[in-house]
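Open your viewer, set a cartoon representation and keep the selection box handy. We will hop from one site to the next, and at each stop you will hear what to select and what is there.

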Amino acid sequence: MNTRSRNPDGVFRFAFEKALRSCSGELLLRTDLTVPEGSALSVIGSSGAGKSTLLRIIAGLVNADRGVSLAPDGTIWDDWSIGRHMALQRRSVGYVSQDYALFPNLSLLDNVMYGMLRTVSRSKAIQWVEKAGLSGQLKTPISRLSGGQMQRAAIVRACLKGPGLLLMDEPFSALDQATARNMRKLVKEFLDESGCTMILVTHNPVDCLVLTERTLELDAGSVVADGPPVSILCGDTNTLTGTVLEAVQSGFSTSFSVRSGNSTLRLVIAGSSGLIPEVGSEVRFRIGAFHAEILPSRADSTPDASTKLRAFQDL
C-alpha cells in the first residue's frame, strides 16, 4: 500500500470531518487546515466547539468520518477513504492531553523518559525536569504529585520525545501564574531550538500572544476566524476587559497590573497624558502587535480618549 501522497509544500495538512455530540446537541467538526513546518498555531473557542477532538484526530487517537491527515514529507497518517490509519506511536507527535496520560506506577523521571529520543541522555532529562521546577520530585511516583506537577511532567515528556509536531491541550490550565510563565518560556525555548511545529488548544489569550503567530477560532465545529493572534483576540468584537490590581509610576511611565480572566498582564503607559485608570477599576483594553490601548468606558465615545501603551507582558 502506498504510504505517501503528494504534499509538495512541506506542510502538515488536516482535512477531515467528524460528526460529534455535545451538551448543546449534534455538530459537525469540519476542517481543511494547513500548518507549515516550524510554525505555531493556537486554537481557541468555547467549550464543546471541537477543539480537543481536533487534536485527538490529528494525534491518531480518534477516527474522523472522512478526509486525510498528511505529514510534510507526504507520509499519509490517515486516509479514511481507503481505511488507512497510522497509530500515534508511529507518528512524530508529542501530545499533552488534559488528563496528562502519565503512568501512575512510575516515578516522575521514569515518566518523562518514557518514549524519549535515544539521543537524549538521562542527565538531559533531569535538566529538563529541573527547568520545570520539579527537581525535588524525580523519584516521586506520579500518583503522589499534584495536578500542576503532573501537567509539567507531561509537557516535559512530550518535548523530550523530540516530535515533529507538538500537540498541547490546555497545557498550563492547572498552573499558577508564575509557574505558567516559566513553562511558557521553556516551551518557547524548545520550539525555537528544535524547529518543532506546534498546535496549542487554549482558553488563555496570553498563550496565543506569547507562543504562537497564528490563531484559529472554532465555533460549533467550524472555523470562524483564522489569522494573527492580535487580530483574532483583540478586534473590536474581542476587546479584553480586566481589573486594575496595581499602578506603579516610574519616571515618565506608569505600569499597571491588570487581571483579565485567568491571566494578569502588565500594561505600561508612556508619559502622563491620556486615561490613567485607578486601582480596583474595571478597564477595557486591546493589544496590538507593538502596543496596547486602554479604551474609554462604553459610555464615553470620545475617539481620542484611549491611551497608547508602550508595552505589555505576561506576569
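Start by selecting Trp128, which is buried with a relative accessible area of 10%; buried means under 20% relative accessible area, exposed over 50%, and partly exposed in between, with a 1.4 Å probe and protein chains only. Before going on, note that this is a predicted model, in which local features need pLDDT of at least 70 and side-chain atom pairs count only at pLDDT 80 or more, while totals for chains, interfaces and linings use all residues. Residues are numbered from 1 along each chain as its sequence is written, and side-chain values use heavy atoms, with hydrogens and water left out.

**Aromatic pairs**

Keep Trp128 and add Phe190, which counts as buried at 8% relative accessibility. How far apart are the ring centres of Trp128 and Phe190? They are 6.0 Å apart with the planes at 75°, so the pair is edge-to-face. For rings of Phe, Tyr and Trp (its six-membered ring), a pair needs centres within 6.5 Å; planes under 30 degrees apart count as stacked, over 60 as edge-to-face and the rest as tilted. Trp128 lies in helix α3 and Phe190 in helix α5, so this pair ties together parts that are 62 residues apart in sequence. Helices (H or I, at least four residues) and strands (E, at least two) are DSSP runs, numbered from the N terminus.

The structure holds six aromatic pairs. For another of them, select Phe103 and Tyr114: this pair is edge-to-face, 4.7 Å centre to centre and with 65° between the planes. Phe103 sits in the loop between β7 (93-96) and α2 (108-113), and Tyr114 in the loop between α2 and α3 (122-131), 11 residues apart. Phe103 is partly exposed, with a relative accessible area of 29%. Next, select Phe12, Phe14 and Trp77, which ring pairs link into a cluster.

One more ring deserves a click. Select Phe172 and Arg184: Arg184 lies over the face of Phe172, 5.5 Å from the ring centre. The criterion is NZ of Lys or CZ of Arg within 6 Å of the ring centre and within 35 degrees of the ring normal.

**Two helices side by side**

Now show helix α4 (residues 147-160) and helix α5 (residues 177-194), which pack at an angle of about 5° with their axes 11 Å apart. That makes α4 roughly parallel to α5. Angles under 35 degrees count as roughly parallel, over 145 as roughly antiparallel, 65 to 115 as roughly perpendicular and the rest as oblique. The axes are lines fitted to C-alpha atoms, for helices over the stretch in contact, and angles run from 0 to 180 degrees between N-to-C directions.

Which residues of α4 and α5 meet? Arg152, Ile155 and Cys159 in α4 meet Thr179, Met183, Val187 and Phe190 in α5, where contact means heavy atoms within 4.5 Å.

Staying in helix α4, pick Met150. Leaving aside neighbours within four places in sequence, Met150 is in contact with Tyr100, Leu102, Ile142 and Leu145. A distance label between the C-alpha atoms of Met150 and Asn111, 39 residues apart along the chain, should read 9.9 Å.

**Loops with a positive phi**

Most residues other than glycine have a negative phi. Select Ala101, where phi is near 55°, a positive value. Ala101 is in the loop between β7 and α2 and is partly exposed, with a relative accessible area of 45%. Then try Glu170, with phi near 50°, in the loop between β8 (165-169) and α5.

**A covered helix and two strands**

Move to helix α1 (residues 51-59), where seven of the nine residues are buried, among them Leu54, Leu55 and Ile58. Just after α1, Gly60 takes a positive phi of about 95°.

From Leu54, step across to Thr31 in strand β2 (residues 25-36). Thr31 is buried, with a relative accessible area of 7%, and its contacts beyond four places in sequence are Phe14, Ala15, Phe16 and Leu54.

Finish at Glu217 in strand β10 (residues 214-219), partly exposed at a relative accessible area of 24%. Glu217 and Ser42 are 175 residues apart in sequence and 8.5 Å apart in space, C-alpha to C-alpha.

Zoom out for the whole protein: there are seven helices and 17 strands, and 50% of the 315 residues count as buried.
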